[in-house]
Amino acid sequence: MSGANLHNALLRPPIIQILRAAGFHATRPSVVDTIADLTARYMMILASSATAHAANAHPSNPMPVLEDLYQALQDAGALRPQMRDWEEEWANEEDNRGLEGFLSWFTGPANREIRRIAGFVPSEGDVVDADSLEKEDYLTALKKKHSKTGEESRYAGTVLGKSAEEHPVVIEGGAPSIQEWGTQVRSRAPYFAESDSSAVSSAPSNLSDAEGMDV
């Protein structure tokens, strides 16, 4: 599975959960794929904008911070209505309407319903143990379901698991490393040069004589 297909497959369950929380009970697969593609593009816009703000604001350490994410949300139009920085300076007041609206949605009933559908918030009448109040996300639960041993060793070194230690890959019948392959190529260079020169010198002399050719 390619990277794009894998990322789309991982994005489909949250999209379906959000649609279910919004009141949709059925839809076509093409609609889910379209919404997942739009969501991925929007996330890429947020990530690239935050990276650009981090590189401009603190190039010595271009790791995005909260301020960079805040400006990226502004660029993407997630914080509306809200005045820009120069408008706030001109009005001599700080406008937090967009930020307060985003926070109210994040802590409001709409996001709580999404978390309930996703399994992070218990429904009414559910008997919940104290140890299971902080539930695992769907991806962790799915990995444990398909792993017979319950370990994540099978996912090590992949996008689904922890990073594995890098080790050289030995190709049977080939050079053990790029450096030795380069050495072999450079050692064969004089041989190829002699072969090319001998091929040119062995050409018939009458072929290079323009006067002996019929035009």
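How many nonpolar, polar and charged residues does the lining of the largest pocket have? The legends below, for close-up views of a predicted model, begin with this pocket.

**View 1. The largest pocket and its lining.** The largest pocket encloses about 900 Å³ of space. Of its 23 lining residues, those closest to the centre are I18, T39, W105, N111 and I114. Two or more lining residues come from each of helix 1 (3-21), helix 2, helix 5 (97-106) and helix 6 (109-118). Helix 1 makes the greatest contribution to this lining, giving six residues. By class, the lining of the largest pocket comprises 18 nonpolar, three polar and two charged residues.

**View 2. The aromatic cluster of F102, W105 and F106.** A search of the whole structure yields three aromatic pairs. In one of them, the ring centres of W105 and F106 lie 6.4 Å apart with planes at 55 degrees, so this pair is classed as tilted. Planes must be over 60 degrees apart to count as edge-to-face. F102, W105 and F106 together form one aromatic cluster. W105 has a relative accessible area of 40% and is therefore partly exposed. F106, at 48%, is likewise partly exposed, because the exposed class begins over 50%. W105 also appears in View 1, among the residues closest to the centre of the largest pocket.

**View 3. Helix 2 and its buried residues.** Helix 2 (29-57) contains 29 residues. From its first C-alpha to its last, helix 2 reaches 42 Å, close to the 42 Å expected at 1.5 Å a residue. V32, A36, S49, A50 and A54 are buried in helix 2. An α-helix has 3.6 residues a turn, so residues three or four places apart point the same way. Helix 2 is also one of the elements that give two or more residues to the lining of the largest pocket.

**View 4. The surroundings of M63.** M63 is located in the loop between helix 2 (29-57) and helix 3 (66-75). Its relative accessibility is 56%, so M63 counts as exposed, the cut-off for that class being over 50%. Leaving aside residues up to four places away in sequence, M63 touches A54, H58 and D68. A54 is one of the buried residues of helix 2. A50, another buried residue of that helix, is 13 residues from M63 in sequence, and their C-alpha atoms are 9.2 Å apart in space.

Notes
Residues numbered from 1 in each chain as written. Predicted model: local features only at pLDDT ≥ 70, side-chain atom pairs only at ≥ 80, totals over all residues. Heavy atoms only, no water. Helix = DSSP H or I, 4+ residues; strand = E, 2+ residues; numbered from the N terminus. Buried < 20%, exposed > 50% of the residue type's maximum accessible area, 1.4 Å probe, protein only. Contact = heavy atoms within 4.5 Å. Phe/Tyr/Trp six-rings, centres within 6.5 Å; stacked < 30°, edge-to-face > 60°. 1 Å grid on protein atoms, 1.4 Å probe; cavity = no way out; pocket = protein on both sides within 12 Å on 5 of 7 lines; lining within 4 Å. Points joined across faces, edges and corners; volume = space filled by probe spheres on them. Nonpolar A, V, L, I, M, F, W, Y, C, P; charged D, E, K, R; others polar. Expected span 1.5 Å × (residues − 1).
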